[in-house]
Amino acid sequence: MSSPSSSSPSSSSSLDIAVIGGGIAGLSAAWTAHKRGDDVRLFEAGATVGGKIQSERTDGYLIEHGPHSFLGSADTLWQLLEDMGLSEAAMKGRPPNWRYVYRGGKARRLPVGLWSAISGDWLSFSGKIRALVEPFIGGAAELDDDLLTFMTRRFGADVAQHLVSPMVTGIYAGDAAVLGARDAFPKLWRFEHESGSVIRGAVASRRAAKKAAAEGADSASQQTPKRRGLFSLQDGMAQLPRAMAAKLGGRVTTSANVTQLTRQDGGWLLSVTRADGATESVHARRVIIAAPPAATLGLLTDILGPDAAPLARAKTCAMAMVHIGGPTTAAAPQGFGALVASGEDVRALGILLPTRLFPGRAPADHGSAAVFFGGARDPEAVHLSDETLVELATKARAKVFGPIADTSGAITFSRVIRWPSAIVQYEVGHRARMAAVVETLAERAPTLRLAGAHLDGVSMNDAAASGVAAAMELADDLSAGAA
């Protein structure tokens, strides 16, 4: 997959906004600026746009290199899909929406309603009772609460260890004892901080949201129905960044690494090195850096000095994703997938079942699974050979789903994808450190903005929203300057 490259403009010309980084954050920033009428150009160091959002068709399988889906509540992504004319390409995941946690040598189905919450074996009886009394448990949210401590205090050790820890693995591939409660799950932390209870805070928040929606709507018919569930795109998640690059056209330049950023003539001079060794100097009145923390640090060190150092503490984890596929049967595993609790006899973080959720992901009468390895829990797994990872993935699928479905089918397809720097770890204090960098930048370089998954959430929607926000702020600044 390749994206358009623009011809080099004259060094004497000056862009309104230059965007550094072609992931979903940078693309969203560039598209937003372009819609506002700004002269914008995006520079991506790699050969393709999209960052980790890559989709590939091979041997009849559609596989994802990064995110497999997005939530129906992802408002920024829905707006981008509408802008690209891709709303009809969005597909909702097929039921059943079952999720499992593998612990105690068994895949335990998580509840989807009140009765399954009461009757299911997803948690011990004592664990359920402890979770239910959460509103009556004292305690105050602390800034330095790690997530495991926070959830143990609120819901008990059973919930924290057997549900929250695997869930954190599924979202961050991280360690609940290291990630910050306020950093990784700010809404839950705020519920306790403001209401003294996560459950009471959630109920109050829901009531307030319903009241605001009712008061803000002119009539019931004008209220937009909330989308629920998981969604993907017909040609994979990369269909969106590809469309954005195509719409931006020559404003996107790939294989162009911005190596230095310096002040010049009331704006910024970007030193750009192409893959063929050619260099280019580009002047821009405003700049958005939508690159990973390490690359952002390299560009800001000369500008902010020691105050850019918090970016160096933004850690990521390495991951490997193993796609396996083959002939399937009616007794194939059902649902979304499974997370694996720590300490089990399965060397995997979790398993997704993309062909159960979305059509067109495999040849007829075939199915696939995506098995995840590495993360904070098992970083060495990423360095295993492809053959070993495929073998471990096959064993993991059979172990986790064997008791509830036929997983004995032969594996006729495999693909191993590795990300040395996969997901930003929102450790204790991460948000405060990023906020400090943003605040310092606003004081010393107000014509610079940051965007990306390291600022306000790791989801695809969070990253896109950060790019939109950065572009809107700079566009407003440009308009005010012109006036």
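These numbered points go through several features of a predicted model, from its cores to its backbone details.

1. The largest nonpolar core has 45 residues, and those with the most contacts inside it are Leu147, Met151, Val168, Tyr172, Met319, Phe372 and Ile423. Both helices and strands contribute, since at least two residues of this core come from each of strand E4 (61-64), helix H5 (147-155), helix H6 (157-172), H7, H8, strand E14 (316-327), strand E17 (366-374) and E18. H6 gives the most to this core, namely six residues.

2. Ile423 is a useful residue to look up in the structure, and leaving aside residues up to four places away in sequence, Ile423 touches Ile171, Tyr172, Ala173, Lys315, Thr316, Cys317, Met319 and Val458. There is also a second, separate core of 41 residues, which includes Ile17, Trp31, Ala33 and Ala451.

3. Helix H14 covers residues 430-444, and its 15 residues reach 21 Å from the first C-alpha to the last, which is close to the 21 Å expected at 1.5 Å a residue. Buried in H14 are His430, Arg431, Arg433, Met434, Val437, Thr440 and Leu441. When reading such a list, recall that an α-helix has 3.6 residues a turn, so residues three or four places apart point the same way. The cover over the buried residues of H14 includes helix H7 (181-184), helix H8 (186-195), helix H11 (293-304), strand E18 (413-424), strand E19 (448-450) and helix H15 (453-456).

4. On the surface, a nonpolar patch is formed by Phe125, Ile129, Leu132, Val133 and Phe136, which together have about 600 Å² of accessible area. Val133 lies in the loop between helix H4 (125-132) and H5. Val133 counts as partly exposed because its relative accessibility is 31%, and that class runs between the limits of 20% and 50%.

5. Two residues that are not glycines deserve a careful look at their backbone. Ser255, in the loop between strand E10 (252-253) and strand E11 (256-264), has a positive phi of about 50°. Asp265, which is found in the loop between E11 and strand E12 (267-274), also has a positive phi of about 50°. As for their surroundings, Ser255 counts as partly exposed at 22% relative accessibility, whereas Asp265 is exposed, with a relative accessible area of 70%.

6. The last point concerns a peptide bond, the one from Pro95 to Pro96, which is cis, with omega near 0°. Pro96 can be found in the loop between strand E6 (90-92) and strand E7 (99-103).

Note on methods
Residues are numbered from 1 along each chain as its sequence is written. This is a predicted model: local features need pLDDT of at least 70, side-chain atom pairs count only at pLDDT 80 or more; totals for chains, interfaces and linings use all residues. Side-chain values use heavy atoms; hydrogens and water are left out. Helices (H or I, at least four residues) and strands (E, at least two) are DSSP runs, numbered from the N terminus. The expected span of a helix is 1.5 Å times one less than its number of residues. Buried means under 20% relative accessible area, exposed over 50%, partly exposed in between (1.4 Å probe, protein chains only). Contact means heavy atoms within 4.5 Å. A nonpolar core is a set of buried Ala, Val, Leu, Ile, Met, Phe, Trp, Tyr and Cys residues joined through side-chain atoms within 4.5 Å. Patches are made of residues with over 30% relative accessible area and no salt bridge: like charges are joined within 9 Å, nonpolar side chains (Val, Leu, Ile, Met, Phe, Trp, Tyr) within 5 Å. Accessible areas come from the Shrake-Rupley method with a 1.4 Å probe; for residues, only the protein chains shown count as cover. A salt bridge is a side-chain nitrogen of Lys or Arg within 4 Å of a carboxyl oxygen of Asp or Glu.
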